Amino acid sequence: MVSSSSPTPAAGRPLWWDHLPEQVANRPPLNRDLDTDVAIVGAGYTGLWTAHYLLERDPALSIAVIDAHHVGYGASGRNGGWCYDGFAAGPSRIEQQSDHATAVRWGAVLREAVDEVGRVAAEEGIDCNYSKAGSVEFLRNQGQLARARADAEEAHHYGWTAADTRVLTAQEACDIGRAADVLGGLWSANTAAIQPATLVHGLAVAVGSRGVQIFESTPATELGAGQVVTRGGTITAGMVVRATEGYTRNLPGLRRLLAPLYSLMIATEPIPDDLWNEIGLANRETFGDLRHLVVYGQRTADGRVAFGGRGAPYDYASRIRPNAGFPPEVFDAVHTALLEVFPQLREVPISHRWGGVLGVPRDWHPSVGIDSAGRLAYAGGYVGSGVTATNIAGRTLADLITGHQTELTSFPWVNRRQRHWPPEPLRWAGINTGLLVMQSADRVENQGDGPARRADLMWRIVKIGGSR
């Protein structure tokens with residue numbers, strides 16, 4: 001068996017970056033003062049979707065985008081490539097903040113956004129391997145099966161149909177992918193596999209061709225009312241957009257707004273056709289299971305498995321490791337999880353190991369908002385479910401900035417109150433205790449003891465602690 005701890009030439013570098021067009025070049029940093037209508041801090045999905053839709057609303061706007069590293073350096077160029085109708089705060093939480101009809105409308109927006117990403121990619125000629133083939137969560141113990149039934153029932157209560165999502169029998173799940181120890185599956189039709197890095201770089205090229213100025217290697221040192229200060233110059237703007245997600249902790253006064261938590265990924269070498277015939281996933285369905293510490297995978301367009309998972313420890317004081325620089329044994333846990341789902345892959349070498357940070361709010365609820373008087377807008381806190389949510393955020397920000405009241409600006413994630421995480425050492429102790437609880441809950445459920453109550457208790461603490 002080849003372990004993920006074996007030396008590889010691409011340790012730390014996302015697989016996705018290997019597939020970028022040769023013409024993608026580093027853009028120069030900002031080296032002068034600049035006046036513009038809109039200044040966007042962060043050249044990931046949120047910032048670039050916002051630029052795209054702003055130009056749709058008003059093509060005459062001047063827009064500048066800066067990034068501390070380069071386009072797609074953060075989660076947008078590192079994620080698992082799931083474009084799906086999920087949201088970190090479920091529909092029941094939307095209903096708690098509004099009403100049932102609003103939660104149903106929000107569900108429709110999530111489903112439609114999956115198609116919107118594909119539409120824009122096709123319209124702009126972005127080859128991001130978009131394939132809307134659906135997803136299957138393999139249910140591998142009684143706890144996961146119980147959660148799947150509850151998830152499907154809740155989805156149907158908020159407007160999803162059985163065609164959108166339903167619980168599969170063991171045979172139906174195995175007809176999609178021959179995973180191990182399958183009791184059933186949770187099917188979602190509204191999921192597309194994508195190549196995340198080519199999507200974000202394609203968006204950058206598209207908005208750049210319309211006059212958006214993008215400056216790389218330009219960290220913001222301070223955000224103020226209509227102003228972004230960098231070492232190379234100061235940008236003065238009618239509106240500043242903070243789109244920094246997990247890297248928000250680097251901005252003055254915002255260290256405790258979003259906790260940077262890690263998700264780690266591995267990719268296999270290309271898999272032979274005969275082994276793919278054993279495994280399945282013939283239509284490039286994305287896959288995972290319903291353990292508490294999330295795992296997620298896809299069959300890539302070039303015939304690999306790209307697979308990731310949560311559970312890496314939170315670093316004290318929200319420190320961020322460059323390229324998620326964890327020792328090999330931390331990635332071995334991700335490899336072990338993959339082999340639990342598909343043991344057929346035990347002899348397939350791992351070619352890439354990488355990771356990145358998620359922006360996690362205290363109550364695990366994304367937010368988008370604007371302070372018109374303060375000339376500052378923002379979006380983020382997607383908790384790893386951002387491929388679709390960023391598209392909705394970009395459209396919502398474009399409406400807010402251009403002063404349009406639309407259905408998107410009416411949802412309760414707009415201008416909601418954001419509470420900061422507690423100071424250290426409470427933050428470090430609380431987050432890592434939560435990770436340990438979820439790990440132990442998965443162990444309990446794998447032993448056949450049914451749903452682990454400790455996980456439900458931990459989620460109640462998170463939601464109450466973040467919203468009071």
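# Close-ups of helix contacts, a pocket, cavities and two backbone details

**View 1. Helix H3 meets helix H9.** The axes of helix H3 (residues 100-123) and helix H9 (residues 386-401) come within 9 Å of each other, crossing at roughly 100°. H3 and H9 are therefore roughly perpendicular. As in every view here, we're looking at a predicted model. On the H3 side, the contact is built from Trp106, Val109, Leu110, Ala113, Val114, Glu116 and Val117. H9 answers with Val387, Thr388, Asn391, Ile392 and Arg395. Sort the residues of this H3 and H9 contact by class and you get eight nonpolar, two polar and two charged.

**View 2. Helix H1 against helix H9.** Now H9 is paired with H1, the two packing at an angle of about 40° with their axes 8 Å apart. That angle makes H1 oblique to H9. As for the hand of the crossing, H1 passes H9 in a right-handed one. From H1, look for Tyr45, Thr46, Trp49, Thr50, Tyr53, Leu54 and Arg57. Their partners in H9 are Val387, Thr390, Asn391, Gly394, Arg395, Leu397, Ala398, Asp399 and Ile401. The contact of H1 with H9 has eight nonpolar, five polar and three charged residues. If Val387, Asn391 and Arg395 ring a bell, they are among the H9 residues that touch H3 and also among those that meet H1.

**View 3. Helix H1 against helix H6.** H1 (residues 45-57) has another helix to deal with: its axis and that of H6 (residues 196-208) come within 10 Å and cross at roughly 35°. This time the crossing is left-handed. H1 brings Tyr45, Leu48, Trp49, Ala51, His52 and Leu55 to the contact, while H6 brings Pro196, Leu199, Val200, Leu203, Ala204 and Val207. By class, that's eleven nonpolar residues, one polar and no charged. Tyr45 and Trp49 do double duty, as they meet H6 and also meet H9.

**View 4. The second largest pocket.** This pocket holds about 500 Å³ of space. There are 24 residues in the lining, and the closest to the pocket's centre are Leu293, Arg310, Gly311, Ala333 and Gln439. Strand E16 (305-310), helix H8 (328-341) and helix H10 (426-446) are the elements that give two or more residues to the lining. H10 has the largest share, with seven residues. In class terms, the lining of the second largest pocket is twelve nonpolar, seven polar and five charged.

**View 5. The largest cavity.** The model has two cavities of 30 Å³ or more, and the largest cavity contains about 70 Å³ of space. Twelve residues line the largest cavity, with Pro361, Arg362, Asp363, Gln418 and Arg419 the closest to its centre. The class split of this lining is three nonpolar, four polar and five charged.

**View 6. The second largest cavity.** Here the volume is about 30 Å³. Lining the second largest cavity are Arg78, Tyr247, Tyr262, Ile320, Arg321, Asn323, Ala324, Gly355, Gly356 and Val357. Strand E17 (residues 350-360) supplies the largest share of this lining, three residues. Five of the lining residues are nonpolar, three are polar and two are charged.

**View 7. A cis peptide bond at Pro425.** Glu424 and Pro425 are joined by a cis peptide bond, with omega at about 5°. To find the spot, follow the chain into the loop between H9 and H10, where Pro425 is found.

**View 8. A positive phi at Ser318.** Ser318 has a phi near 60°, a positive value in a residue other than glycine. Ser318 also sits in a loop, the one between E16 and H8. Those flanking elements may look familiar from View 4, where E16 and H8 are among the contributors to the lining of the second largest pocket.

Terms used
Residues numbered from 1 in each chain as written. Predicted model: local features only at pLDDT ≥ 70, side-chain atom pairs only at ≥ 80, totals over all residues. Heavy atoms only, no water. Axes fitted to C-alpha atoms, helices over the stretch in contact; angles between N-to-C directions. Parallel < 35°, antiparallel > 145°, perpendicular 65-115°, else oblique. Contact = heavy atoms within 4.5 Å. Nonpolar A, V, L, I, M, F, W, Y, C, P; charged D, E, K, R; others polar. 1 Å grid on protein atoms, 1.4 Å probe; cavity = no way out; pocket = protein on both sides within 12 Å on 5 of 7 lines; lining within 4 Å. Points joined across faces, edges and corners; volume = space filled by probe spheres on them. Left-handed = near helix turned anticlockwise from the far one by under 90°.
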